[in-house]
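Let's walk through this one together, going from the overall picture down to single residues. Have the viewer open as you read.

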Amino acid sequence: MIKIAIVDDDNILCSELERYILNSCKSLQIKQHIDVYYDGENFCQALENGECYHLLFLDIELAEMNGVGVGNYIRDQLKNNRMQIVFISAKRDYAMELFKIRPMNFLVKPLSADTIHACMQKYLELYPQTDYFRCKIGKIHHNISYDTILYFESDNKIVKIHTVDSVLDYYTKLSDIENVAPSFFLRIHKSYIINPRYILQHSVDSVLMTDHNILAISRQFQKNFREQLMNAHCDGGEELFK
């Protein structure tokens with residue numbers, strides 16, 4: 001599921017944009033959830049309270065805290081570089097101000113269904129939505145929902161796939177799995193790639209998973225783990241760590 005936010009103080013534009021996004025997602029056969037905010041302050045407060053989004057359509061000319069301020073808050077204060085931002089404006093002269101925010105796109109009003117559809121297609125090209133881990137074990141082909149996978153564990157030439165109700169042995173390399181797993185999965189050790197949704201507790205050097213196994217976080221991954229943990233909920237779903 002792609003979680004999308006619209007921030008614009010124009011009610012009519014918000015309704016129109018929401019309709020364009022819904023129609024585009026339907027055409028592309030992707031699930032979505034859309035929230036609408038009518039000012040930058042309430043949106044930033046929602047982020048501060050733990051809300052998260054994959055994709056943001058953000059008007060620049062907001063009444064008080066404008067879109068540039070919101071973008072800077074996301075990148076500089078929250079240190080969130082994963083949320084993709086599409087700026088919307090009636091003007092074209094914001095290039096230098098927006099450069100450091102690294103937006104995915106810049107759209108000039110009036111908007112059109114085709115423009116928004118192209119935007120959604122671009123997002124999917126950058127962040128393809130992969131729902132299942134596909135593998136062949138023996139003669140059986142498995143499609144395992146990533147939502148049900150707790151972690152992958154490397155054991156010699158076997159990778160153990162720990163799911164909510166079973167453990168499957170798959171002959172492959174952990175590095176090959178790292179290349180295809182959704183970006184919200186976290187590498188914490190040469191032997192572990194975990195789904196952070198299933199962390200019960202964590203410290204500097206270990207995590208306790210919901211199957212009550214304690215997995216080590218090796219020193220080389222500790223810094224990256226902390227950084228990814230702050231943004232992982234925006235890559236993998238709205239239920240993370242709530």
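Two strands count as paired if DSSP finds at least two bridges between them. Helices (H or I, at least four residues) and strands (E, at least two) are themselves DSSP runs, numbered from the N terminus. Keep in mind that this is a predicted model: local features need pLDDT of at least 70, side-chain atom pairs count only at pLDDT 80 or more, and totals for chains, interfaces and linings use all residues. Residues are numbered from 1 along each chain as its sequence is written, and side-chain values use heavy atoms, with hydrogens and water left out.

First, the big picture. The protein has eight helices and 15 strands, and its C-alpha atoms fill a box of roughly 60 × 40 × 30 Å along the principal axes. Of its 242 residues, 48% count as buried, meaning under 20% relative accessible area; exposed is over 50%, and partly exposed lies in between (1.4 Å probe, protein chains only). A contact here is heavy atoms within 4.5 Å. Among contacts with a separation of 6 or more, 55% come from residues 24 or more positions apart.

Now look at one of the sheets. Strands of a sheet pair through backbone hydrogen bonds, either parallel or antiparallel. This one is an open sheet of three strands in the order 13-14-15, with antiparallel pairing. Strand 13 (199–202) and strand 15 (214–216) each have a single partner strand, so one side of each edge strand has no neighbour in the sheet. From one strand to the next, the twist averages 25°. Strand 14 (residues 206–209) is joined to strand 15 by three bridges, and leucine 208 has isoleucine 214 in strand 15 as its bridge partner.

Next, move to glutamine 29, in the loop between helix 1 (11–28) and strand 2. Glutamine 29 counts as exposed because its relative accessibility is 73%. Its C-alpha atom is separated by 27 Å from that of phenylalanine 43, 14 residues apart along the chain.

Finally, find aspartate 35 in strand 2 (residues 32–37). Is aspartate 35 buried or exposed? Aspartate 35 is buried, yet has no salt bridge, that is, no side-chain nitrogen of Lys or Arg within 4 Å of a carboxyl oxygen of Asp or Glu. The nearest side chain of opposite charge, lysine 3, is 4.6 Å away; Lys and Arg count as positive, Asp and Glu as negative, and His and the chain ends are not counted. The aspartate 35 side chain does make a polar contact with the side chain of histidine 33 (3.0 Å). Such a contact is a pair of N or O atoms within 3.5 Å; within protein, one must be able to donate a hydrogen and the other to accept it, and residues adjacent in sequence count only if both atoms are side-chain atoms. Setting aside neighbours within four places in sequence, aspartate 35 is in contact with Lys3, Ile4, Ala5, Ile6, Glu51 and Tyr53.

Methods: Axes fitted to C-alpha atoms, helices over the stretch in contact; angles between N-to-C directions.
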